[in-house]
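The following exercises concern a single protein model. Each task is followed by a solution that proceeds step by step.

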Amino acid sequence: MEIREKAPAKINLGLDTLYKREDGFHELEMIMTSIDLSDHITVSSLDEKKIQLTTNIAFLPTDKRNHVYQAAQKLMNEFNIQIGVKIHIEKTIPVSAGLAGGSSDCAATLRALNKLWKLNLSLDELANIGSQIGSDVPYCIYGNTSLVTGRGEIIQPIKDMPSCYVILVKPNQSVSTPTIFKALNVQEAHHPNIAALKWAIETNNYQEMTKHMGNSLEEVTVQRIPKIARIKDAMMKFGADVALMSGSGPTVFCLVKQEKRAQRIFNALKGFNEEVYLVRTIRGKNE
Ligand code: C5P
């Protein structure tokens, strides 16, 4: 039996950092949503007890350093699985981009192995296991539009964000998430009003939502990659309704309601950026 699971990317409509905790992590308030830009995970059984991981991207590690490998190992150990597993990651989401590609692959692996090994674990249980691997994994277990708090492990699904087009640009430089968090000064950072953002989404008020979108980490990453600010300016100049960095970056995205305008902005950005994507938001079941 082979099980194929979709692993969608996420964007942060809002990311607020409240304070640095004693365990070194930051207390966060975020609104995340899934977009129609996905990796795919395929799992099947092996007779020999081992984890055989392959990907379509040559530079990705296929050993313990990969969160997908860690997810399989954790389930194997905890549930005393005596057979092996073959896992293939088919990547489309840019790597180290602020789009939770690796976390979504990890979450999709947990969901897939839950089926393959008939573990009957609830999403809450899978999220709990995922939280031990990475802070964004619990959100990726649920997907859709959610309010995410704590270190990233407290997930409250909310109404789907108003439907629109999303155009993303991934600059070719990369940043490390720990470096960005380390350089963050919570007092000086921008603090988006997450409650107002949530209310705008729950009342399906697109315009009000765009007003309250914001990311505490953006300024820190812009200092290292100034191109982010230039891409944002270009997006707004070309007619986007709002433009923002996702997660700790460096991917920048903008939102647009009309398809024609989205296509025009996409074409214009393609002129001077290598990695540009035009996708839609994903409609969940919680409308
Ligand atoms: O959990 P994860 O390994 O994805 O986190 C990567 C890094 O991001 C952490 O080592 C930490 O420096 C930072 N982080 C944080 N607060 C969070 C989540 C991540 O400071 N809530």
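**Exercise 1. Locate Gly 84 in the fold, decide whether it is buried or exposed, and list its contacts.**

Solution. Gly 84 belongs to strand β4; helices (H or I, at least four residues) and strands (E, at least two) are DSSP runs, numbered from the N terminus. The structure is a predicted model, in which local features need pLDDT of at least 70 and side-chain atom pairs count only at pLDDT 80 or more, while totals for chains, interfaces and linings use all residues. Residues are numbered from 1 along each chain as its sequence is written, and side-chain values use heavy atoms, with hydrogens and water left out.

Next, the accessibility: Gly 84 is buried because its relative accessibility is 0%, where buried means under 20% relative accessible area, exposed over 50%, and partly exposed in between (1.4 Å probe, protein chains only). Finally, the contacts (heavy atoms within 4.5 Å): not counting residues up to four places away in sequence, Gly 84 touches Ser 44, Ser 45, Leu 46, Asp 47, Glu 48, Lys 49, Lys 50 and Met 76.

**Exercise 2. Determine the separation of the C-alpha atoms of Gly 84 and Pro 250, and describe the peptide bond that leads to Pro 250.**

Solution. The two residues are 166 residues apart along the chain, and their C-alpha atoms are separated by 37 Å. Pro 250 is placed in the loop between β9 (242-245) and β10 (252-256). The bond from Gly 249 to Pro 250 is a cis peptide bond, with omega near 5°.

**Exercise 3. Compare the settings of Asn 80 and Ala 100.**

Solution. Begin with the backbone: Asn 80 has a positive phi of about 50° although it is not a glycine, and Ala 100, also not a glycine, has a positive phi of about 60°. Then place each residue: Asn 80 is in the loop between α1 (67-78) and β4 (84-90), whereas Ala 100 is in the loop between β4 and α2. Last, apply the accessibility cut-offs: Asn 80 is exposed because its relative accessible area is 55%, while Ala 100 is buried because its value is 10%.

**Exercise 4. Identify the backbone nitrogens reached by the side chains of Asn 66 and Asn 114.**

Solution. A polar contact is a pair of N or O atoms within 3.5 Å; within protein, one must be able to donate a hydrogen and the other to accept it, and residues adjacent in sequence count only if both atoms are side-chain atoms.

- Asn 66 lies in the loop between β3 (51-55) and α1, and at 10% relative accessibility it is buried. A polar atom of its side chain lies 2.9 Å from the backbone nitrogen of Val 68. Beyond four places in sequence, Asn 66 is in contact with Leu 53, Pro 61 and Ile 89.
- Asn 114 sits in helix α2 (residues 101-116) and is buried, at 12% relative accessibility. Its side chain reaches the backbone nitrogen of Leu 121 at 2.9 Å. Leaving out residues up to four places away, Asn 114 touches Leu 119, Asn 120, Leu 121 and Leu 126.

**Exercise 5. Summarise the protein as a whole.**

Solution. Count the elements: there are ten helices and eleven strands. Consider burial: 56% of the 287 residues count as buried. Then examine the contact range: among contacts between residues at least 6 apart in sequence, 74% join residues at least 24 apart. To conclude, the C-alpha trace spans about 55 × 40 × 40 Å along its principal axes.
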